[in-house]
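Reader: I should be grateful for a close account of one part of this model, covering how its elements pair and pack. Please state the criteria behind each term as it arises.

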Amino acid sequence: MNNSETIFLPHESAISHVTGEASYVSDIQLRNNLLWGQVYFSPVAHATIKSYELTEALKIDGIVDILDFTRIPGINQLNTHMHDEPCLAGDKVTFIGQAIFLIAAKDRETALKAAKKIHIEFEQLEAIFTIENAMAKRNNLAPSRRIETGNPDKALESSKYRLKGRLETGAQEHWYLETQSALCVPGENRNMTVFASTQNPSETQNVVAEVLGLQSNQVICEVKRMGGGFGGKETQANPIAVWAALLADATRQPVLMQLSRDEDQKITGKRHPFLSKYEIGFDENGIITAYIVDLHGNSGSSFDLSIPILERAMYHADNSYFIENMRVTGTMWKTNLPSNTAFRGFGGPQGMAVIENAIDSIARFLKKDAAEIRFKNFYQTQTKNLTHYGQLVNNNRLSRLWDQLIKSSDYFERRKEIEKFNHSNNLIKKGLALTPVKFGISFTTAFLNQAGALVLVYKDGSVMVNHGGTEMGQGLHTKILHIAAKELGISKDNIIISPTNTSKVPNSSATAASSGTDLNGMAVKDAIRTIKKRLKPLAIKMLSKMNPTVNTGRIIFKNDRIYSKSNPEISISFAELAKQAHLEQISLSATGYYGTPNIYFDREKGKGKPFHYYAFGMAVSEVELDILTGNTRIIRTDILHDAGKSIHPEIDKGQIMGAFMQGVGWCTTEVIRWDAKGNLLNCSPDTYKIPGIGDFPLNYKAELLKNANNPNAIHQSKAIGEPPFMLALSVWLAIKDAISSVADHTKEPDFSLPASKEVVLLSIKKLKESL
């Protein structure tokens, strides 16, 4: 336990999770005057509000108050930047699930009873739900974006071969275990404390303050932990916190608000559905000579994070491939659905899926193995290493990943075996695919790449670390604990990580973009460096007092001891040093700060360096397909991922395997359906299928690339949260490979994402009809 460099503790909340002691928002105990907050949601997608009547609802026993938009003391907006998202609808609603009234009641049942007594008259307006419909109506959210390199039109014209394609990628529900929740406690002078399940406590603080008409210093937001987030609580935790705060401010009583599972799925945004169209040029060897792709996303009813998501999709339209002549354009289209939002990968999966599908089509056209086409087009190290937006791909691991994974997965031997199997089996087909990922790490909004920390050393030598990141099960606090222990040279048992609190670390960025450890870890290191700088002169004094001949040239903090490198046998404990520092009036607390350097992008020119570094990974997946039922199962998946010098290998492997399975859900089973009026049809776990234990690969291997230290991040590590998600494209394309075998790989299957049973069976049907 004392060797902080080699002992890896379990997740810091692991025992609390399995015993049920872990506390979430709805577990916080308050005195008896706690009220339940309930929202009256719009039942129609697009309409003007002609009139409404609250009298009957207010008469119900146990109803304390009902608020409409006229009762908002500040600004009626949830988006502090664009101001295009009303907190409560006034004269118009723009999607089913939009908040119109807030109900404060003694309990949930009473609040729901009151909601049924609210009378409201709408005048229906024309609604838009699909990208195609929005395009026809020219209802774009913002002007199109474009990034271009080389001369794609000329190169495409002169290419030996050309293919055109279209790909639809679907929405995805976050399905975090803890639904959107907030508990707001009013204080004196209208101050407000917000306990929220949010990935972005500083933004939640700011939005609550703005809607209440307060300054930010009058609102404190605290996050102990979340029961999952996946991007769905980056911006969309704000409304719940604001609604609860409005009711708490109006009633002067604490208010708890927690959405039911059905409510959560109905009113929150999803991963953006995309419709992408492309044309690709290539030669007889499969080398890509030109690529032109148009990405169209469904933003839903407001901006939210749609434009940054679109930009990341455009940045990742190349995935892992050098394309000398390329143009990517992107447009977000406004519809009357709940505003779509951040989701693990943040547009990267939608951009990557198109190029991976295109390469798969090239291979089928040339009658070659798609893996070989991928390998030929990989970014290189000395040349062919510049992206379409002008950033060098440094520390490229693709070739190393390829060499190791091709061997460890027995890729080419299994390819031969699968070909034999498919030729001798008519009803069961197998498919195999290898896909890589190159994922840029940083917020693409440059100023967000910053973090703060506050480290407190107590005079008994125990330590409390405060930082701006939030824990949602991903192990951020555990990694920060390891970083702090290593930097201080003390046991992890003597350190705790405090709940994230805006009164301790202000102006934090969201825990998102896979950068939580990178940013907050560096901020914690900076704070500890300050404390050690103060303590070293005292340590020298104390060591010299013990032995005047001690060489104090370099002081080491390690294994709970402080000593000179030249005289390790003479040491003091960290607790002794802390106690003496207090006696000698030396400050034992410090703030830390980190801002990622050299991040920039010129949106007019479409060039720059939006990422601090890249994370790489590669996966090989094999599937088995029943062509009569469309049922698929994953036989085997081999993953090799570049996590740099991992701070915590077990947590990183868990993130890899979990992200991959969430990606499998997006690629296969997670179909979201709306009816013609914009009602979500599958809003509960009985109708919306996330992967279960039976969907795991029968043989599942995930390994970290060794000797891949990253000089650009804390302790030479790499971000891990999002990049493995896209490796699930290997499953999607393995299914396509199995379908293709029905026509002996002579025809291009009609394919989309997710590859649901319906998609699979229709694809097989069309293939057979074409023979």
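**Two helices and a small sheet**

Author: An automatic or database domain assignment divides the chain into domain 1 (18-126 + 174-267), domain 2 (274-444 + 603-770) and domain 3 (450-595). The model is predicted, so local features need pLDDT of at least 70 and side-chain atom pairs count only at pLDDT 80 or more, whereas totals for chains, interfaces and linings use all residues. Residues are numbered from 1 along each chain as its sequence is written, and side-chain values use heavy atoms, with hydrogens and water left out.

The centres of domain 2 and domain 3, taken over C-alpha atoms, are separated by 40 Å. Contact between the two (heavy atoms within 4.5 Å) involves 20 residues of domain 2 and 22 residues of domain 3.

The part chosen here begins with an open sheet of 3 strands, in the order 21-22-23 and with antiparallel pairing. Strands (E, at least two residues) and helices (H or I, at least four) are DSSP runs, numbered from the N terminus; two strands pair if DSSP finds at least two bridges between them. Strand 21 (555-558) and strand 23 (567-573) are the edge strands; each has a single partner, so one side of each lacks a neighbour in the sheet. On average, neighbouring strands of this sheet are turned by 30° against each other, direction ignored. Strand 21 and strand 22 (residues 561-564) run antiparallel and are joined by 4 bridges; I555 has S564 of strand 22 as its bridge partner.

Helix 15 packs on this sheet and touches strand 21, strand 22 and strand 23, its direction making about 115° with that of strand 23. Helix 16 also lies across strand 21, strand 22 and strand 23, but runs at about 55° to strand 23. Such angles run from 0 to 180 degrees between N-to-C directions, and axes are lines fitted to C-alpha atoms, for helices over the stretch in contact.

The two helices also pack against each other. Helix 15 (residues 516-546) meets helix 16 (residues 574-583) at an angle of about 105°, with their axes 10 Å apart. They are therefore roughly perpendicular, a term that covers 65 to 115 degrees. Helix 15 contributes L535, L538, A539 and M542 to the contact, and helix 16 contributes F574, E576, L577, Q580 and A581. By class, these residues are 7 nonpolar, 1 polar and 1 charged. Nonpolar means Ala, Val, Leu, Ile, Met, Phe, Trp, Tyr, Cys and Pro; charged means Asp, Glu, Lys and Arg; the others, Gly among them, count as polar.

Terms used. Parallel < 35°, antiparallel > 145°, perpendicular 65-115°, else oblique.
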